[in-house]
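Open your viewer, keep the selection box handy, and let's walk through this one together. We will go stop by stop, choosing what to select and then looking at what is there.

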Amino acid sequence: MTFGFAPSSAASTSMSSMRSERSADSVNRPTRLLEPAEWAAAGIPLLRNPREVVSGLHTRHRPIPRTAVVAVLDPEERLRASASFTRRESAMDGWTFRNALLSQLRRVIPHDLRRRTPVRTAVLLYCREGDTRWTEEDGAWMWGLRDACTLHGLRCGAYITMTRDGWQVLGEDRGGRRPSVGSVAEVLGGGEQSAPRTGGAATEMLRRAAAR
């Protein structure tokens, strides 16, 4: 003869709540990410003038929180292509971010997979709430950027965050207070004080935007 006890309603509710919490935690925590130490060890090439790149992308795309801007630069750090999109997925997963970035890269520029060594570099600017310190979401974007670059024949370049406090190149001690999320973008054809220096990535971006 076998004896058993039916779980109480309180116990059933508690078990259901625990399962829901575990499920929500698995959705909200990235499953593929790079820690800051891993990113630093990857040998990511430095931008010669990150402020020009950031200012140019901010002027061109005017991103808001949850917006990702992926850009492809040539060896002279001139912009060759860029695209922006809003993160809509609830899951913060590097695999999902990789697929989104790869889709944008395929849309705006041919791959370089036939080259033995990558020539062009992809950088990623991501706008979010919070401060400029590394988060697990940043780690998932780093993983996604590195993998997307490999699959598109590009060098993996800088990962840059932009918040209301300013911008920061993660893994480097370089950043600034402007531009920032919510700041006014530079006006095309503005005065000398607001114009970027000539010959840089921002200049090329503004020239292309003005021609459209």
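Helices here are DSSP runs of at least four residues and strands are runs of at least two, with both numbered from the N terminus. With that naming in hand, bear in mind that you are looking at a predicted model.

**Stop 1: colour by confidence**

Colour the chain by pLDDT before anything else. The average is 81, and 73% of the residues score at least 70. Now select residues 17-26, where pLDDT stays under 50 and the model has zero contacts beyond four places in sequence. Then select residues 188-212: pLDDT is below 50 there too, although this stretch has 37 contacts in the model beyond near neighbours in sequence. Where pLDDT is low, the predicted coordinates should not be read in detail.

**Stop 2: the largest nonpolar core**

Select Trp-39, Leu-101, Leu-124, Trp-141, Leu-145 and Tyr-159 and show their side chains. These touch the most other members of the largest nonpolar core, a set of 30 residues. Which elements supply at least two residues each to this core? They are strands E1 (67-73), E2 (79-86), E3 (121-127) and E4 (155-163), together with helices H4 (94-108) and H5 (136-152). H5 gives the most, with seven residues.

Zoom in on Leu-145. Leaving out residues up to four places away in sequence, Leu-145 touches Trp-39, Leu-101, Ala-122, Leu-124, Cys-156, Gly-157 and Ala-158. Next, select Leu-47, Leu-79, Ile-160 and Val-181, which are among the 17 residues of another core, lying apart from the largest one.

**Stop 3: helix H5**

Select 136-152. The ends of H5 have C-alpha atoms 24 Å apart, which agrees with the 24 Å that its 17 residues should span at 1.5 Å a residue. Is H5 mostly covered or mostly open? Mostly covered: 12 of its 17 residues are buried. Among them are Trp-141, Met-142, Trp-143, Leu-145, Cys-149 and His-152. To see what covers the buried residues, add helix H2 (36-41), E1, E2, H4, E3 and E4, all included in that cover. Step just past the end of H5 and you reach Gly-153, with a positive phi of about 75°.

**Stop 4: strand E1 and its partners**

Select 67-73. All seven of the seven residues in E1 are buried. In a regular strand the side chains alternate between the two faces of the sheet. Here, Thr-67, Val-69, Ala-71 and Leu-73 point one way, while Ala-68, Val-70 and Val-72 point the other way.

Add E2: E1 and E2 pair in the antiparallel sense over seven bridges, and Thr-67 has Thr-86 as its bridge partner. Five residues lie between the two strands of this hairpin, where Glu-77 has a positive phi near 65°. Now add E3, which also runs antiparallel to E1 and is joined to E1 by six bridges. Look for Val-72, which stands opposite Ala-122 of E3.

**Stop 5: Arg-128**

Move on to the loop between E3 and H5, where Arg-128 sits. Is Arg-128 buried or exposed? Its relative accessible area is 5%, under the 20% cut-off, so Arg-128 counts as buried. Show its side chain and follow it two ways. One contact, at 2.9 Å, reaches the backbone oxygen of Arg-133. The other is a polar contact of 2.9 Å with the side chain of Asp-138. Beyond four places in sequence, the residues in contact with Arg-128 include Pro-65, Arg-66, Glu-137, Thr-161, Met-162 and Val-181.

**Stop 6: helix H3 and Arg-62**

Finish with 50-61. The 12 residues of H3 should span 16 Å at 1.5 Å a residue, and the end C-alpha atoms are indeed 16 Å apart. H3 is largely enclosed by the rest of the structure, because 10 of its 12 residues are buried. These include Val-53, Val-54, Leu-57, His-58 and His-61.

Now select Arg-62, which follows H3 and has a positive phi near 45°. Arg-62 lies in the loop between H3 and E1, and with 56% relative accessibility it counts as exposed. Leaving aside neighbours within four places in sequence, Arg-62 is in contact with Leu-57 and Ala-185. Draw one last distance, to Val-181: the two C-alpha atoms are separated by 8.7 Å, although the residues are 119 apart along the chain.

Methods
Residues numbered from 1 in each chain as written. Predicted model: local features only at pLDDT ≥ 70, side-chain atom pairs only at ≥ 80, totals over all residues. Heavy atoms only, no water. Core = buried A, V, L, I, M, F, W, Y, C linked by side-chain atoms within 4.5 Å. Buried < 20%, exposed > 50% of the residue type's maximum accessible area, 1.4 Å probe, protein only. Contact = heavy atoms within 4.5 Å. Polar contact = N/O pair within 3.5 Å; in protein donor to acceptor, adjacent residues only side chain to side chain. Pairing = 2+ DSSP bridges. Expected span 1.5 Å × (residues − 1). pLDDT = per-residue confidence, 0-100.
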